[in-house]
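Morning, everyone. Please bring up the sequence and the structure, and keep both in view while I talk.

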Amino acid sequence: MSPQPRKILLGVTGGIAAYKSPDLVRRLMEHGAEVQVVMSRGAQQFVTALTFQAVSGRSVRTDLWDEAAEAAMGHIELARWADEIVVAPATAEFIARLAHGFADDLLATVCLATTARITLAPAMNRQMWANAATQANVQILKDRGVRMLGPASGEQACGEVGVGRMLEPTQIADEIFTTRGAAGPLHGLKVVVTAGPTREAIDPVRFISNRSSGKMGYAVAQAAREAGAEVVLISGPVQIPTPRGVERVEVESAEEMLEAVRRNLVGGDIFISAAAVSDYRAHQVAGEKIKKTSDTMNLSLARAPDVLATISRCESPPFLVGFAAETEHVERNALAKLTGKNLDMIAANKVGAGLGFDKDENALTVYWPNGGKRELAFTSKLALARQLVEVIAERYQASNKTRTFTAKSKSPAHAS
Ligand SMILES: Cc1cc2nc3c(=O)[nH]c(=O)nc-3n(C[C@H](O)[C@H](O)[C@H](O)COP(=O)(O)O)c2cc1C
C-alpha cells in the first residue's frame with residue numbers, strides 16, 4: 001500500500017452541509033491526519049471558524065488578504081503543505097470557480113497553486129446538481145483528475161428528494177483512506193465491470209436467468225476502485241450494496257447490458273466482464289402471461305447478444321478481461337474463450353458442486369495470450385479480486401494499450 005495522506009487541507013464552502021464538516025475533521029483525524037481548515041466567505045455564514053479551530057487544533061484560514069500569513073506567501077505555503085485537498089461541502093459556485101480557474105479567494109487560489117490531489121464532496125439542491133452548467137463544470141474537473149465523492153441521493157435540506165446530498169463524513173474519510181487514489185496501479189484509468197446474472201423475459205411474469213450472485217463482479221469493482229480507477233459497474237438484478245465510489249448502472253437483459261456497456265465504455269480503458277450473461281433468450285416474448293394449457297410446452301430460444309465478443313469486435317477495443325465459469329474442462333474452455341474472443345486476459349474457475357456461484361470464497365486461474373498463467377489460491381472473493389486487479393494492472397501496463405474505446409463496430413453488434 002502507498003503512503004496515506006497525512007496532511008489534509010479541508011476546504012469548507014457555503015452549503016448547508018457545512019454543519020457536518022466539523023465532524024469530518026474529527027473523522028480525518030481519527031485516521032491520523034493533520035487537518036488544516038480553509039473556509040470560504042459563504043461557509044462562515046453556516047459554521048464559525050472557532051468551531052473548526054476547536055476540533056482541528058489549528059487556527060483556521062479564511063482570508064487571502066491576511067497580512068500576517070501572506071508575509072510568508074501563506075497561500076503558496078498551504079498549497080505546498082497539503083498532501084491532499086478535500087473540499088466538503090463543495091458548492092455549485094465553488095465547483096464553477098475551480099473549473100474555470102478563478103483565484104478570487106484563499107481556497108480557490110490554493111487549489112490552483114497545488115500539485116496535491118483535489119477531492120470534492122459536492123452538496124447542493126438536486127436541480128442545482130442536475131443543471132447543465134454544474135454537470136459541465138464537474139466533467140471539466142473530472143477530466144483534469146479532480147476526484148468527486150458523491151453526491152448521494154436522498155432527502156435534502158430544502159425538503160426535496162434527489163441527488164445532491166453530501167456523503168456522510170465517515171464515508172468521505174473512509175474513501176480517502178481506503179483508496180490508493182493517485183498511487184493506485186489503475187489511477188487515471190476508466191474501468192467498466194459487469195456483474196450478476198441477466199434476466200431474459202419469457203412473458204410479463206417469467207424470465208430465464210442463472211445462479212450468478214454478482215459477488216465476484218462487485219468485489220472486482222471495489223478492488224478496481226481501491227486501485228485508483230474510475231469504475232462503472234453494470235449490474236444485473238442482485239441484492240448487493242454498491243461499493244463506495246463506484247457508479248452503478250442497473251440492467252436486466254443481455255441486450256440492455258450490451259447497450260449500457262457500449263455507452264459507459266466510451267473513453268474507457270479496461271473492460272472486465274464478470275457478469276453471467278444469458279446465452280439464450282426467448283425467441284418471442286409473449287405479450288400476456290402464458291397459460292398452462294397442456295402437460296408439456298416448448299419454448300423456442302434465440303441467441304442473446306454476446307456482450308464481450310461484441311465489444312472485442314469493435315474498432316478499438318479496450319483491454320479486455322473475461323471470466324470463464326465452467327463445470328468441466330476449465331482450462332481448455334477458458335483458453336478457447338481467450339483466443340475465440342480475442343481477450344487480453346481470462347479468469348477461470350470451476351463452478352457447480354458447491355463451488356463458485358453465491359459463495360463468499362473462490363479460487364481463480366488467470367490466463368493471457370502466449371501461455372501466461374497465474375494461480376490465485378482459494379480465499380474470500382474480495383481478497384481474490386484485489387489480487388486479480390493487481391494482475392490486470394500488470395498485464396495492462398505490459399500490453400502497452402492506450403486504446404480509448406469509441407463504440408464503433410467493425411461487424412454487426414449482435415453476432416454471437
Ligand atoms: C441557506 C442557504 C443554503 C445554501 N446551500 C447551498 C448548498 O447546499 N449548495 C450550494 O451549492 N449552494 C448553497 N447555497 C448558495 C451558496 O451559499 C452561494 O452560492 C455562495 O455564493 C457560495 O459561495 P462559496 O462557495 O464561496 O462558499 C446556499 C445559500 C443559502 C442562503
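Let me start with a term. A crossing of two helices is left-handed if the near helix is turned anticlockwise from the far one by less than a right angle, and right-handed if it is turned clockwise. Keep that in mind for helix 10 and helix 14, whose crossing is right-handed. One caution too: this is a predicted model.

Stay with that pair. Helix 10 covers residues 215-226, and its axis comes within 8 Å of the axis of helix 14. The two cross at roughly 50 degrees. That makes helix 10 oblique to helix 14. Which residues of helix 10 meet helix 14? They are K215, M216, A219, V220, Q222, A223 and A224. From helix 14 come K381, L382, A385, R386, L388 and V389. Sort this contact by class and you get 9 nonpolar, 1 polar and 3 charged residues.

Helix 14 has a second job in this talk. It spans residues 381-399 and lies across strands 13, 16, 17, 18 and 19. Against strand 19, helix 14 runs at about 160 degrees.

So, on to the sheet. It is open, with 8 strands and mixed pairing. Read the order as 12-11-8-13-16-17-18-19. Which strands sit at the edges? Strand 12, residues 247-250, and strand 19, residues 372-380, each pair on one side only. From one strand to the next, the twist averages 15 degrees.

Zoom in on strand 18, residues 361-368. With strand 17, residues 345-350, it pairs in the antiparallel sense over 3 bridges. One bridge partner to find there: V366 in strand 18 goes with A347. With strand 19, strand 18 is again antiparallel, and here there are 7 bridges. Look for L364, which stands opposite L376 in strand 19.

Strands 18 and 19 also form a hairpin, with 3 residues between them. Click on N370 in the turn. Its phi is positive, about 65 degrees.

Now the other sheet. This one is open as well, with 5 strands in the order 2-1-3-4-5. Its pairing is parallel. Strand 2, residues 34-39, and strand 5, residues 147-148, stand at the edges. Each has a single partner strand, so one side of each is left without a neighbour in the sheet. Strand 5 pairs with strand 4, residues 117-122, in the parallel sense over 2 bridges. R147 in strand 5 is the bridge partner of T119.

A helix covers part of this sheet. Helix 1, residues 21-30, lies across strands 1, 2 and 3. Relative to strand 1, helix 1 runs at about 170 degrees.

Next, a second helix pair. Helix 4, residues 74-81, packs against helix 6, residues 106-113. Their axes are 8 Å apart, at an angle of about 55 degrees. Helix 4 and helix 6 are therefore oblique to each other. Right-handed or left-handed? Use the opening definition: this crossing is right-handed. Helix 4 brings H75, I76, L78 and A79 to the contact. Helix 6 brings L106, T109, V110 and A113. By class, that contact holds 6 nonpolar, 2 polar and no charged residues.

Now the ligand. How many residues are around it? There are 16, and G14, G15, S40, G42 and T91 come nearest. Helix 5, residues 92-99, gives the most to this shell, with 3 residues. The shell divides into 8 nonpolar, 6 polar and 2 charged residues.

Last, some backbone details. Most residues other than glycine have a negative phi, and most peptide bonds are trans. Where do we find cis bonds here? One joins A88 and P89, with omega about -5 degrees. P89 belongs to strand 3. Another cis bond runs from G150 to P151, with omega near 10 degrees. P151 is in the loop between strand 5 and strand 6.

For phi, go to H329. It is not a glycine, yet its phi is positive, near 45 degrees. H329 lies in the loop between strand 16 and helix 13.

That is my tour. Questions are welcome.

Conventions. Residues are numbered from 1 along each chain as its sequence is written. This is a predicted model: local features need pLDDT of at least 70, side-chain atom pairs count only at pLDDT 80 or more; totals for chains, interfaces and linings use all residues. A residue is near a molecule or strand if its C-beta atom, placed from the backbone, lies within 6 Å of it. Helices (H or I, at least four residues) and strands (E, at least two) are DSSP runs, numbered from the N terminus. Ala, Val, Leu, Ile, Met, Phe, Trp, Tyr, Cys and Pro count as nonpolar, Asp, Glu, Lys and Arg as charged, and the others, Gly among them, as polar. Axes are lines fitted to C-alpha atoms, for helices over the stretch in contact, and angles run from 0 to 180 degrees between N-to-C directions. Angles under 35 degrees count as roughly parallel, over 145 as roughly antiparallel, 65 to 115 as roughly perpendicular and the rest as oblique. Two residues are in contact if their C-beta atoms, placed from the backbone, lie within 7 Å. Two strands pair if DSSP finds at least two bridges between them.
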